[in-house]
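I set out to record what I looked up in this structure, entry by entry. The chain itself is shown first.

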Amino acid sequence: MEDAYKLIQIYALDDFSLKKEIRIKDCEYESYCGSYMIHNLDSIFLLDYTNSRLYMIDSEGNTEMVINIRTDALLGVEQQLGNPHVPYPMDAFNSYGFEYYEGKVFLASSGMESVDYTKNLREIFVIDLANDSVYMVMNKPNVYFEGYWGPHLLHNFQFIYNANKNEFVIGYGVDHDIYATCFKSPPVAHSMRSKHLNKMKPFGKKKPSHYAKSPEIEKYSITNGFYSRLYYDSYAQ
């Protein structure tokens with residue numbers, strides 16, 4: 001039986017012809033790699049978010065590097081900051097955060113739905129390829145400490161890299177501000193309030209003990225809007 005594989009296909013914009021086809025064999029990875037990011041043809045990154053692992057392959061599909069994301073060292077640092085629960089990396093197609101900048105890969109996490117996290121909690125993974133180390137940046141904005149915002153969707157966030165200004169722009173599901181930062185100084189907030197989302201309120205002050213089967217929380221989650229994808233137009237100044 002032939003090995004199962006996935007394809008990354010690269011097309012030319014001028015005539016839409018197929019220029020390159022990269023085969024990714026499933027048998028070479030322990031789990032499904034659902035997201036990828038092409039820095040160049042010798043640095044293609046595959047995210048196995050179920051096992052918190054990042055692969056770098058070349059244009060022939062050969063594995064060049066394997067990096068564990070939630071390392072013991074990372075968890076130890078976060079626990080010293082008072083963060084008992086460290087988020088997991090997120091499938092970038094769902095969370096919109098998978099960037100390469102100055103030899104580092106930046107990944108969005110799954111976010112956290114608890115109201116018990118500390119204000120030291122950080123949610124963006126930074127993978128330094130030069131020394132095979134992982135650390136985290138970007139604290140959760142204050143709006144999330146106002147109460148319990150329900151499960152999952154309202155906690156999602158997204159970020160993109162603005163190459164013209166050498167900075168990242170980050171947006172959160174229930175925050176009317178977006179944040180510009182290089183992660184070396186405090187982020188700068190820019191109000192982007194939508195008239196359609198001017199009545200955003202948390203479900204309550206505390207997370208219910210049995211929220212999974214609560215019809216009230218389900219209704220709250222599906223009837224409340226939230227901010228989603230960020231778009232960057234590099235041609236509009």
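Two strands count as paired if DSSP finds at least two bridges between them. With that in mind, I note that Met37 stands opposite Phe45 in E4. I also note that the model is a predicted one.

Entry on strand E4. I looked up how far E4, residues 43–48, is covered, and found 6 of its 6 residues buried. I then checked each face of E4: Ser43, Phe45 and Leu47 are buried on one side, and Ile44, Leu46 and Asp48 are buried on the other.

Entry on the neighbours of E4. I found strand E3, residues 35–40, joined to E4 by 5 bridges in an antiparallel arrangement. E3 and E4 make a hairpin with 2 residues between them. I next turned to strand E5, residues 53–57, which runs antiparallel to E4 and is joined to E4 by 5 bridges. Here Asp48 has Arg53 of E5 as its bridge partner. The hairpin of E4 and E5 has 4 residues between the strands, and Ser52 in that turn has a positive phi of about 50°.

Entry on helix H1. Which residues of H1, residues 72–80, are buried? I found Leu74, Leu75 and Glu78. Seen down the axis of H1, the buried residues fall within an arc of 95°, so they line one face of the helix. On the other side of H1, I recorded Asp72, Ala73, Gln79 and Gln80 as exposed. The cover over the buried residues of H1 includes strand E9 (122–128) and strand E10 (133–139). Lastly, I noted that Gly82, just after H1, takes a positive phi of about 90°.

Note on methods:
Residues numbered from 1 in each chain as written. Predicted model: local features only at pLDDT ≥ 70, side-chain atom pairs only at ≥ 80, totals over all residues. Heavy atoms only, no water. Buried < 20%, exposed > 50% of the residue type's maximum accessible area, 1.4 Å probe, protein only. Arc of directions from axis to C-beta. Contact = heavy atoms within 4.5 Å.
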